[in-house]
Amino acid sequence: MEDRATPAEHIPVLFAEVMEWLRPVPGGRYIDATLGLAGHATGILERSAPDGRLLGIDRDPQALSVAQARLAPFGERAVTRCASFADLRSIAEEAGFGQVDGILLDLGVSSLQLDEAERGFSFRASGPLDMRMGPSAEFDAAQVVNTWSEQELARILYEYGEERRARRVARAICSARPFYDTLSLAAVVARAAGPSGKIHPATRTFQALRIVVNDELGALQRALPQAVTCLAPYGRLVVIAFHSLEDRIVKQFLQREVHNCICPPEMPVCTCGHRATLQLGTRKPVTASEAEVARNPRSRSARLRSAARLGGSV
Ligand SMILES: C[S@@+](CC[C@H](N)C(=O)[O-])C[C@H]1O[C@@H](n2cnc3c(N)ncnc32)[C@H](O)[C@@H]1O
């Protein structure tokens, strides 16, 4: 498993752009809160040699063990923790990374998780309906698909999958359940959802299930304000989102944090007392070049945004 899980072809998304915006320097301290297979982390450690340090966090123990092997050559410069970035602040403090020069969040699933049929993330390979990124997830995809009401299923398919035929798909799922594997679910969903342009018709349903099982949006919403408090003055935050729901959360958070007052425009005087904590780096999201998309189709939907912590204390 480990050998298959350390694919030579693992390509970190927007690698050059992450290095450009994070700008690791010797002696710097960094957090990669989505360590994955340590592609970006390796770049950060190489560029911050000889004494830069990195805390790598991932909620997936399988990814973490691959990453630890890859980071072994960096010795004590790399520290890892198996945890959710939803608890970023306490993890960072406990590991001695309370004030850092840069934080990276490269959201979503890794190629290891997608390619490993047993993890149940893929609608292209037969596997159990699992989709848990790690042991902290409270339930798996089978529980959602086989026990949630038709209304609840329709709601999550619409909200988290942006599936236009959410009700129809939910009805089809409820009539055909129980499901035990990914391919039989994907077949029923594909029939109900119908053709969907270039993407597989089960893409949106699988995305919705994955988001719910791992509380992906909730974790991101909790992590972003904590990330700001972990940044030293002028420290940089870089976030890569892979779908519009995540990207909207990041965009709205950054917009709020770059403004001194967030009162509604009709308020004659400021009552919110909000003070800006960040300065925008990227004005527009950075996307993958055509060459990168050709090399790595998974980069197609990546959107990178960055910001830097203002000087002084929050
Ligand atoms: C796109 S991959 C990261 C790839 C990595 N940047 C690299 O270069 O190999 C996303 C990783 O984030 C992890 N992840 C997703 N949500 C998480 C969370 N809430 N807390 C910690 N890790 C999370 C996943 O388990 C996955 O390994």
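Helix α10, residues 203-213, is mostly covered, with nine of its 11 residues buried. Here "buried" means under 20% relative accessible area, while exposed means over 50% and partly exposed lies in between (1.4 Å probe, protein chains only). Helices (H or I, at least four residues) and strands (E, at least two) are DSSP runs, numbered from the N terminus. This is a predicted model, in which local features need pLDDT of at least 70 and side-chain atom pairs count only at pLDDT 80 or more, whereas totals for chains, interfaces and linings use all residues. Residues are numbered from 1 along each chain as its sequence is written, and side-chain values use heavy atoms, with hydrogens and water left out.

## Two helices and what covers them

Let us stay with α10 for a moment. Its buried residues are Thr205, Phe206, Gln207, Ala208, Leu209, Arg210, Ile211, Val212 and Val213. Which helices help to cover them? The cover includes α6 (141-147), α7 (150-161), α8 (166-176), α9 (182-193), α11 (216-230) and α12 (244-257). Contact in this sense means heavy atoms within 4.5 Å. Just after α10 comes aspartate 215, which takes a positive phi of about 45°.

Now look at helix α1, residues 15-22, where Glu17, Val18, Met19 and Leu22 are buried. These residues pack against helices and strands: β1 (29-32), α2 (39-47), β4 (100-106), β5 (231-241), α13 (290-295) and β7 (303-309). Arginine 23 follows α1, and its phi is positive, near 45°.

## Salt bridges

Side chains of opposite charge can pair when their charged atoms come close. A salt bridge is counted when a side-chain nitrogen of Lys or Arg lies within 4 Å of a carboxyl oxygen of Asp or Glu. The structure holds 13 of them, and the table shows some examples.

| Positive partner | Negative partner | N to O distance |
|---|---|---|
| Arginine 132 | Aspartate 130 | 2.8 Å |
| Arginine 222 | Aspartate 215 | 3.4 Å |
| Arginine 248 | Glutamate 162 | 3.7 Å |

How far apart in the chain are arginine 248 and glutamate 162? They are 86 residues apart and link distant parts of the chain, with arginine 248 in helix α12 and glutamate 162 in the loop between α7 and α8. Arginine 248 is partly exposed at 41% relative accessible area, and glutamate 162 is partly exposed at 32%.

In the pair of arginine 132 and aspartate 130, the arginine is partly exposed at 34%, but aspartate 130 counts as buried at 16%. Aspartate 215, met above just after α10, bridges to arginine 222. Aspartate 215 is partly exposed at 37%, as is arginine 222 at 43%. Elsewhere, Glu152, Arg155 and Glu159 are joined into one network by salt bridges that share partners.

## Two buried charges without a salt bridge

For charge, Lys and Arg count as positive and Asp and Glu as negative; His and the chain ends are not counted.

Aspartate 58 sits in strand β2. It is buried yet has no salt bridge, and the nearest side chain of opposite charge, arginine 59, is 6.8 Å away. What does the side chain of aspartate 58 reach instead? It reaches the backbone nitrogen of glycine 36 at 2.8 Å. This is a polar contact, a pair of N or O atoms within 3.5 Å; within protein, one must be able to donate a hydrogen and the other to accept it, and residues adjacent in sequence count only if both atoms are side-chain atoms. Leaving out residues up to four places away in sequence, aspartate 58 touches several others, including Thr34, Leu35, Arg81 and Cys82.

Arginine 59 lies in the loop between β2 (53-58) and α3 (61-71). Arginine 59 is also buried without a salt bridge, and glutamate 216, the nearest side chain of opposite charge, is 6.7 Å away. A polar atom of its side chain lies 3.0 Å from the backbone oxygen of asparagine 214. Beyond its neighbours within four places in sequence, its contacts include Cys82, Ala83, Met133 and Asn214.

## Around the ligand

The ligand is surrounded by 24 residues, the closest being His40, Asp58, Phe85, Asp106 and Gln113. A residue counts here if one of its heavy atoms lies within 4 Å of the ligand. An N or O atom in the side chain of histidine 40 is 2.8 Å from a nitrogen atom of the ligand. Oxygen atoms of the ligand also have backbone N or O atoms close by: one of glycine 39 at 3.1 Å and one of alanine 38 at 3.3 Å. The protein covers 97% of the 600 Å² of accessible area that the ligand has on its own. Accessible areas come from the Shrake-Rupley method with a 1.4 Å probe; for residues, only the protein chains shown count as cover.
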